[in-house]
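Here is a short tour for anyone who likes to know a model before computing on it. Have the sequence and the coordinates at hand, and follow along.

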Amino acid sequence: GGSIQYDVPGGHQIAVSGAIGEDDNFLPGDDTSWVVQGGANINIADMATLTGAVVYGEGTVAGRYTLSPFALFTGGNSSNEVFGAMAGVSVPVSDTTTFNVVWDYLNGDGAAHGGAVGHDELHTIHANVMWQPVKQMRMGWEVQYLFADQQGTTALEDEYFTVQWGTWFFF
């Protein structure tokens, strides 16, 4: 895989990435897996950053890029195509703290986790606070709501609500 990022004057960024690989489904036939994605960060007068991205792919490589339960082989000799989009806003609260809200959309074309027929679409809404008190450490607290469209026979529930916390160290 590879990626290209271009920093535009004014604090904006544009990025494109992609990957191609083989699926390890051990089935005969087409085992090529691929993904392409693009996105942008748009700085609004240092008061907020708007973020948007789209992703499209097929097979397990797409699943690794999107963390998608859809991008798994469903049996036979074919894998599922996945389309995703996201939009978000990040607002600095102080020099060390930001508040972020993100909406994600993922369309798996009728497949769901483990290859069972079921949900066509997943939506997630995230809200988090990120705090970076020193250059080498960042901490985040997040709430996430996930809901799925078109119920079916699947291992996934129709709705999830999670609360999570993470710490990143930079060396």
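The report below goes from the whole chain to three residues and one pocket.

**The chain as a whole**

Keep in mind that this is a predicted model. The mean pLDDT of the chain is 79, and 71% of its residues reach 70 or more. Two stretches deserve a careful eye. Over residues 69-77 the pLDDT stays under 50, and the model has 36 contacts beyond four places in sequence for this stretch. Residues 111-117 also have a pLDDT that stays under 50, here with 23 contacts beyond four places in sequence.

The secondary structure comes to one helix and nine strands. Read from the N terminus, the order of the elements is β-β-β-β-α-β-β-β-β-β. The chain has 171 residues, of which 33% count as buried. Among the contacts with a separation of 6 or more, 48% are between residues 24 or more positions apart.

**Three residues to look at**

The table sets out how accessible H126, Q132 and A87 are.

| Residue | Relative accessible area | Class |
|---|---|---|
| H126 | 13% | buried |
| Q132 | 23% | partly exposed |
| A87 | 37% | partly exposed |

Let us begin with H126, which sits in strand β7, residues 121-134. Why is H126 classed as buried? Its relative accessible area is 13%, and buried means under 20%, so H126 falls in that class. Which side chains does H126 meet through polar contacts? One is the side chain of D104, at 3.0 Å, and another is the side chain of Q144, at 3.4 Å. Beyond four places in sequence, the contacts of H126 are N100, V101, V102, D104, E142, V143 and Q144.

Strand β7 also holds Q132. Q132 counts as partly exposed because its relative accessible area of 23% lies between the limits of 20% and 50%. The side chain of Q132 has a polar contact of 3.1 Å with the side chain of R138. Setting aside neighbours within four places in sequence, Q132 touches T96, M137, R138 and F170. The C-alpha atom of Q132 is also 8.7 Å from that of D95, although 37 residues separate the two along the chain.

A87 belongs to strand β5. With a relative accessible area of 37%, A87 is partly exposed. Outside its neighbours within four places in sequence, A87 is in contact with T51, G52, V101, V102 and W103. From A87 to I125 the C-alpha distance is 9.9 Å, with their positions 38 residues apart in sequence.

**The second largest pocket**

Some of the residues named above return here. The second largest pocket has a volume of about 200 Å³. Its lining is made of T51, M86, G88, V89, S90, N100, V101, V102, N128 and E142. Which strand supplies the largest share of this lining? That is β5, with four residues. Both β5 (81-92) and β6 (97-107) give at least two residues each. By type, the lining holds four nonpolar, five polar and one charged residue.

The pocket can be tied back to the residues discussed earlier. N100, V101, V102 and E142 are in the lining, and these four are also among the contacts of H126. T51, V101 and V102 line the pocket too, and they are among the contacts of A87.

Terms used:
Residues numbered from 1 in each chain as written. Predicted model: local features only at pLDDT ≥ 70, side-chain atom pairs only at ≥ 80, totals over all residues. Heavy atoms only, no water. Buried < 20%, exposed > 50% of the residue type's maximum accessible area, 1.4 Å probe, protein only. Polar contact = N/O pair within 3.5 Å; in protein donor to acceptor, adjacent residues only side chain to side chain. Contact = heavy atoms within 4.5 Å. 1 Å grid on protein atoms, 1.4 Å probe; cavity = no way out; pocket = protein on both sides within 12 Å on 5 of 7 lines; lining within 4 Å. Points joined across faces, edges and corners; volume = space filled by probe spheres on them. Nonpolar A, V, L, I, M, F, W, Y, C, P; charged D, E, K, R; others polar. pLDDT = per-residue confidence, 0-100.
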